[in-house]
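Let's walk through this fold together, starting with what sits inside and then following the links that hold distant stretches side by side. Keep the viewer open as you read.

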Amino acid sequence: QVQLVESGGGLVQPGGSLRLSCAASGTIFSIGTMRWYRQAPGKQRDLVADIVTSGSANYADSVKGRLTISRDNAKNTVYLQMNSLKPEDTAVYYCNAVIQRLPGTPPFNYWGQGTQVTVSS
């Protein structure tokens, strides 16, 4: 069994900052790409950022320069530092990870339960 547990969401004023965390636990042999998605009410779930094991990252154009993804491989954890937040960043944020549970077995995609981020004055 593998679980991804997110934390760090909440209510913040425009221009403020939040840091999201997502920790993977359970039977884990290796973790590949880790991603953050977000889904606003009535909209599709969109990719925000991803990061590979080496630390190389990619970002959606809408968040470049404001959001930073990072990971701690020793802790099986991915982070999303969010600065200069805007009302349009309001969404449920989900983490995703490609995880191989045992050597020689295929990796699978796992999702966290989501954490709400609300940017409002």
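A residue counts as buried here when its relative accessible area is under 20%, and as exposed when that area is over 50%. Keep in mind that this is a predicted model.

With that cut-off in hand, go to the cysteines. The structure holds one disulfide, and Cys22 and Cys95 are the two residues that form it, with sulfur atoms 1.9 Å apart. Cys22 lies in strand E3 (residues 18–26) and Cys95 in strand E9, so the link ties together parts that are 73 residues apart in sequence. If you check the torsion about the S-S bond, you'll get 45°, which makes the link of Cys22 and Cys95 right-handed. By the cut-off above, both Cys22 and Cys95 are buried.

Stay on E9 for a moment. How many of its ten residues are buried? Nine of them are, so this strand is mostly covered. Now pull up the largest nonpolar core, which has 28 residues. Within it, Trp36, Leu80, Met82 and Tyr93 touch the most other members. Plenty of strands chip in: E1 (2–7), E3, E4, E5 (45–51), E7, E8, E9 and E11 each supply at least two residues. Which strand gives the largest share of this core? That's E9 again, with five residues.

Next, the strand partners of E9. E4 and E9 run antiparallel and are joined by eight bridges; in this pairing, Ile31 stands opposite Ile99 of E9. Ile99 also stands opposite Phe108 in E10, and E10 (residues 108–111) pairs with E9 in the antiparallel sense over four bridges. E11 is another antiparallel partner of E9, this time over three bridges. There, Val92 has Gln116 of E11 as its bridge partner.

E11 is worth a closer look through Thr115, which is placed in this strand (residues 115–119). Is Thr115 buried or exposed? Its relative accessible area is 11%, and a residue under 20% is called buried, so Thr115 is buried. A polar atom of the Thr115 side chain lies 3.3 Å from the backbone nitrogen of Gly9. Setting aside residues up to four places away in sequence, Thr115 touches Glu6, Gly9, Leu20, Ala91, Val92 and Tyr93. Tyr93 turned up earlier, among the core residues that touch the most other members.

Step back into the loop between E10 and E11 and you'll find Gly112. Gly112 is buried too, with a relative accessible area of 11%. Its C-alpha atom is separated by 5.5 Å from that of Val5, although the two residues are 107 residues apart along the chain. Outside its neighbours within four places in sequence, Gly112 is in contact with Leu4, Glu6, Tyr94 and Cys95. Cys95 brings you back to the disulfide, and Glu6 is also on the list of residues that Thr115 touches.

Finally, the charged side chains. Side chains of opposite charge can pair when their charged atoms come close. How many salt bridges does a search of the whole structure find? It finds three. One of them joins the side chains of Arg38 and Asp89, at 2.9 Å from N to O. This pair links distant parts of the chain, with Arg38 in strand E4 (residues 30–39) and Asp89 in the loop between strand E8 (77–82) and strand E9 (91–100), 51 residues apart. Both Arg38 and Asp89 are buried.

Asp89 has a salt bridge with Arg66 as well, at 2.7 Å from N to O. Asp89 lies in the loop between E8 and E9 and Arg66 in the loop between strand E6 (57–59) and strand E7 (67–72), so this pair ties together parts that are 23 residues apart in sequence. Arg66 and Asp89 are both buried. Put these pairs together and you have a network of salt bridges linking Arg38, Arg66 and Asp89.

There is also a salt bridge between the side chains of Asp61 and Lys64, at 3.1 Å from N to O. Are Asp61 and Lys64 buried or exposed? Both Asp61 and Lys64 are exposed, whereas Arg38 and Asp89 are buried.

How values were computed
Residues are numbered from 1 along each chain as its sequence is written. This is a predicted model: local features need pLDDT of at least 70, side-chain atom pairs count only at pLDDT 80 or more; totals for chains, interfaces and linings use all residues. Side-chain values use heavy atoms; hydrogens and water are left out. A salt bridge is a side-chain nitrogen of Lys or Arg within 4 Å of a carboxyl oxygen of Asp or Glu. Buried means under 20% relative accessible area, exposed over 50%, partly exposed in between (1.4 Å probe, protein chains only). A disulfide is a pair of cysteine sulfur atoms within 2.5 Å. A polar contact is a pair of N or O atoms within 3.5 Å; within protein, one must be able to donate a hydrogen and the other to accept it, and residues adjacent in sequence count only if both atoms are side-chain atoms. Contact means heavy atoms within 4.5 Å. A nonpolar core is a set of buried Ala, Val, Leu, Ile, Met, Phe, Trp, Tyr and Cys residues joined through side-chain atoms within 4.5 Å. Two strands pair if DSSP finds at least two bridges between them.
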